[in-house]
Amino acid sequence: SSLIFHVEPEVLLEKVGRAGVITMNRPKVLNALNLSMIRQISPQLKKWENDTETDIIIIKGVGGKAFCAGGDIRAVTEAGKLGDSLAQDFFREEYILNNAIGTCRKPYIALIDGITMGGGVGLSVHGRFRVATEKTLFAMPETAIGLFPDVGGGHFLPRLRGKLGLFLALTGFRLKGRDVQRAGVATHFVESKKIPDLERELVELKSSSAENVSRVLDSYQNQVRILRPVPTLTIQTYKPKQGILQNLKADGSEFSKKQAEILSKMSPTSLKITYKQLQAGASLSLQDVLVMEYRLSQACMRGRDFYEGVRAVLVDRDQNPKWNPSTLEEVSDQSVDQCFSSLGEKDLTF
């Protein structure tokens, strides 16, 4: 008898009551985002936004481990080696979706109950409401693979308090649980076991204005038992003249030593691009940031470090990338500036 293979859809798009629900459904790969998922989510989001029968949009992941652990970066570098258009299409269409989430007129609620990194951050952080739980693990780890914190990182990171965004962007530091909300990445914190009830209550809302959604989320947040005050992460403001690395080394604390060590493992080109990206992004709209980031993405596709970083971290997994240039000193301002220059008619447009 012939074998029947049951192929699970990669993303579920369902109408539940007056809510549009997007469910990322690739649990084996921690709900990694690929181009076909982007191409299903984008038109549906627009449809729901303009549909009088839909009041709110909820996005979540299945499997209990991850919301979305990132974009399918390996496929992008494979395409880049072959000169395949996926190397442009993936970034372009992903960033257009990030912008659509940021401008969505209806309450958009991301249930980030689990690993949320890179592309997963782009699907959540620009939305009106982001609900973290004790299982949330947030990071923008791109400097470790020769990329930069994209998906609008240049917009949201410099808007976090103090220099927290710059710290997260350069080091890829992981925020866990309650700290995700304290940092301002999430708007609410709810216990993971209450998420199904919360979702049910949101879906059953009779009138789903942003105020009513806020009220429901606040009520769940207020049910959280505060066990003990947790020390919050404080990042000092660095004296930029000396440079961040020198400051960390001079500080002498264990934490600073550890961060200096982490920075010394990252792609020097990525670190310099990221620093400039966040500086510029601080005063740009999300849309203008995404135009800038698209230019940067294509500079990374033309360069070397992105391929080498993906090889070392995701393919061979030897965790030993050979960056080129290998030191910060060797990365010229001119080479960094070139990454930001216009692509003419190939620029991202909305």
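**Exercise 1. Find which residue stands opposite Val-131, and work out which sheet the pair belongs to.**

Step 1. Val-131 faces His-188, a residue of β10. Strands here are DSSP runs of E with at least two residues, helices are H or I runs of at least four residues, and both are numbered from the N terminus.

Step 2. Strand β7 (residues 129-132) pairs with β10 in the parallel sense, over 2 bridges. To count as paired, two strands need at least two bridges between them according to DSSP. In general, the strands of a sheet pair through backbone hydrogen bonds, either parallel or antiparallel.

Step 3. Now zoom out: an open sheet of 6 strands has the order β1-β2-β3-β5-β7-β10, and its pairing is mixed. Its edge strands are β1 and β10 (188-189), each pairing on one side only.

A quick word on the ground rules: this is a predicted model, where local features need pLDDT of at least 70 and side-chain atom pairs count only at pLDDT 80 or more, while totals for chains, interfaces and linings use all residues. Residues are numbered from 1 along each chain as its sequence is written, and side-chain values use heavy atoms, with hydrogens and water left out.

**Exercise 2. Walk through the 6-strand sheet from β1 to β5 and say how the neighbours pair.**

Step 1. Start with strand β1 (residues 11-16), which pairs with β2 in the antiparallel sense over 6 bridges. Leu-13 stands opposite Ile-22 of β2. The hairpin of β1 and β2 has 2 residues between the strands, and Gly-17 takes a positive phi near 60° there.

Step 2. Move on to strand β2 (residues 19-24), which runs parallel to strand β3 (residues 56-61), with 6 bridges joining the two. To get from β2 to β3, the chain passes through helix α1 (residues 35-49), and this β-α-β crossover is right-handed. Right-handed means that, with the strands pointing away from the viewer, the path from the first strand over the helix to the second runs clockwise. Ile-22 turns up again here, opposite Ile-59 in β3.

Step 3. Finish with β3 and strand β5 (residues 108-112), a parallel pair with 3 bridges. Ile-58 stands opposite Ile-109 in β5.

**Exercise 3. Sort out the sheet of 4 strands: what is its order, and which strands are at the edges?**

Step 1. Read off the order, β4-β6-β8-β9, in an open sheet with mixed pairing.

Step 2. Pick out the edges: β4 (66-68) and β9 (175-176) each pair on one side only.

Step 3. Check one pairing: β4 and strand β6 (residues 115-117) are parallel, with 2 bridges. The bridge partner of Cys-68 is Thr-116 in β6.

**Exercise 4. Classify the aromatic pairs of Phe-138 with Phe-156 and of Phe-167 with Phe-173.**

Step 1. Get the rule straight: rings of Phe, Tyr and Trp (its six-membered ring) pair if their centres lie within 6.5 Å, and planes under 30 degrees apart are stacked, over 60 edge-to-face, and the rest tilted. That rule gives 7 aromatic pairs.

Step 2. Phe-138 and Phe-156 sit 6.4 Å apart centre to centre with 75° between the planes, an edge-to-face pair. Phe-138 lies in strand β8 (residues 137-139) and Phe-156 in helix α5 (residues 153-156), so the pair ties together parts 18 residues apart in sequence. Both Phe-138 and Phe-156 are buried, where buried means under 20% relative accessible area, exposed over 50% and partly exposed in between (1.4 Å probe, protein chains only).

Step 3. For Phe-167 and Phe-173, the figures are 5.1 Å centre to centre and 45° between the planes, so the pair is tilted. Phe-167 is buried, at 5% relative accessible area, whereas Phe-173 is partly exposed, at 23%.

Step 4. Spot the cluster: ring pairs link Phe-90, Phe-91 and Tyr-95.

**Exercise 5. Is Glu-14 buried or partly exposed, and how many Å separate Glu-14 from Asp-251?**

Step 1. Glu-14 belongs to strand β1, and its relative accessibility of 38% makes it partly exposed.

Step 2. Between Glu-14 and Asp-251 there are 52 Å in space, C-alpha to C-alpha, and the two are 237 residues apart in sequence.
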